[in-house]
Amino acid sequence: MNRLIVLMIFIGIPSGVIAAAEDICRDTQDAVRVLCLLGGKGASGLSADVIARYQLIFSSIDQDGDGYATRDEYVKQGRYLNEQSRAGIFRASDRDGDQVLSAKEYVENRIITDEAKEIFWGLQMDDNNTVDHSELAKALAHVDGVNVDAIFRQFDINEDDQWQMIEFLQVWGNLARQDSDWVDFNKAKNESSIFSSQETMDSPPSSSNR
Ligand SMILES: [Ca+2]
Ligand SMILES: [Ca+2]
Ligand SMILES: [Ca+2]
């Protein structure tokens, strides 16, 4: 069983075993059940090394090392995408609205959006950068009793019968954040926690447990 789960994490859920995915999702909270059906796992699907890497990236953004990424550090001095995109990510990540990103806010946002992007690209089978109803239906074909229409409408905010990445990320993020377990990076696999020691924050990611 463990081997199957590990396999699915690395290669995605093959269509033949999606019925099994429904069993796995049965115990998830209502808000994140749809994320689970789409193949999401939240923090529990990540290794502690990935979390440590997110933490390292945060440390490089937090140039003065005060534990927070200010708007200046993230938006003005950032190098990822463009300034407008960084401003949007900053707003979405700053959950408590105090105008700075804590490491926790940054890491949670990475857990949510990195997985959502991967799943979005996995769903869209042609190259038009959107997901349509038939693509979703195909992905969920082997899940008994799933309401494809309802899921499709849930993410199609602008009701144009396609999923665009931006609306998908928005709905995914809203659902993920309704379940604190989903983004709890202490649930990442293996025992190490990113806040357990200064050493973890200052050293490069390791591929082995200490
Ligand atoms: Ca700072
Ligand atoms: Ca904040
Ligand atoms: Ca749409």
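Ile 166 is exposed, with 10 other C-beta atoms within 10 Å, and this residue lies in helix α10 of what is a predicted model. The protein chain as a whole has 210 residues, of which 26% are buried, and its secondary structure amounts to eleven helices and two strands. The points below take the overall layout, then individual helices, and then some single residues.

**Overall layout**

- Followed along the sequence, the elements of the protein chain come in the pattern α-α-α-α-β-α-α-β-α-α-α-α-α.
- When contacts between residues at least 6 apart in sequence are considered, 61% of them join residues that are at least 24 apart.

**Helix α4 (residues 48-61)**

- The 14 residues of helix α4 should span 20 Å at 1.5 Å a residue, and the C-alpha atoms at the ends of the helix are indeed 20 Å apart, so the expected and computed values agree.
- Buried positions in α4 are Ala 48, Ile 51, Ala 52, Tyr 54, Gln 55 and Phe 58.
- Because these residues cover an arc of only 155° around the axis, they sit on the same side of α4.
- Phe 58, one of the buried residues of α4, is also among the residues touched by Tyr 106.

**Packing of helix α3 against helix α10**

- Two packed helices are described by the distance between their axes and by the angle between those axes.
- For helix α3 (residues 30-37) and helix α10 (residues 165-176), the axes come within 8 Å and cross at roughly 130°, which means that α3 is oblique to α10.
- On the α3 side the contact is made by Ala 31, Val 32, Val 34 and Leu 35, while α10 contributes Trp 172, Leu 175 and Ala 176.
- Sorted by class, the residues in this contact of α3 with α10 are seven nonpolar, with no polar and no charged residues.
- Elsewhere in α10, the exposed residue Ile 166 has its C-alpha atom 9.6 Å from that of Lys 117, although the two residues are 49 apart in sequence.

**Helix α6 (residues 83-93) and its surroundings**

- Ile 89, Phe 90 and Ser 93 are the buried residues of helix α6, and because they cover an arc of only 105° around the axis, they lie on the same side of α6.
- Gln 84 and Arg 91, by contrast, are exposed on the other side of α6.
- The partners against which the buried residues of α6 pack are α5 (71-76), β2 (100-102) and α7 (103-123).

**Tyr 106 in helix α7**

- Tyr 106, which lies in helix α7, counts as buried because 24 other C-beta atoms are found within 10 Å, where 20 or more are needed for that class.
- Leaving aside residues up to four places away in sequence, Tyr 106 touches Phe 58, Ala 69, Ser 93 and Leu 101; of these, Ser 93 is one of the buried residues of α6.
- Phe 90, another buried residue of α6, is 16 residues from Tyr 106 along the chain, and the C-alpha atoms of the two are separated by 8.6 Å.

**Residues in loops**

- Gln 99 lies in the loop between α6 and β2, and its phi is near 70°, a positive value in a residue other than glycine.
- Gln 99 counts as exposed, since 11 C-beta neighbours lie inside 10 Å and the class takes in residues with 12 or fewer.
- Asn 129, in the loop between α7 and α8 (133-139), likewise is not a glycine and has a positive phi, of about 65°.
- Asn 129 is exposed, with 12 other C-beta atoms within 10 Å, a count that still falls in the exposed class because that class is defined by 12 or fewer.
- Phe 185 is placed in the loop between α10 and α11 (198-202), yet this residue is buried, with 23 other C-beta atoms within 10 Å.
- Phe 185 and Ser 44 are 141 residues apart in sequence, while their C-alpha atoms are 7.2 Å apart in space.

Note on methods:
Residues numbered from 1 in each chain as written. Chains lettered and ligands numbered in written order. Predicted model: local features only at pLDDT ≥ 70, side-chain atom pairs only at ≥ 80, totals over all residues. Helix = DSSP H or I, 4+ residues; strand = E, 2+ residues; numbered from the N terminus. Expected span 1.5 Å × (residues − 1). Arc of directions from axis to C-beta. Axes fitted to C-alpha atoms, helices over the stretch in contact; angles between N-to-C directions. Parallel < 35°, antiparallel > 145°, perpendicular 65-115°, else oblique. Contact = placed C-beta atoms within 7 Å. Nonpolar A, V, L, I, M, F, W, Y, C, P; charged D, E, K, R; others polar.
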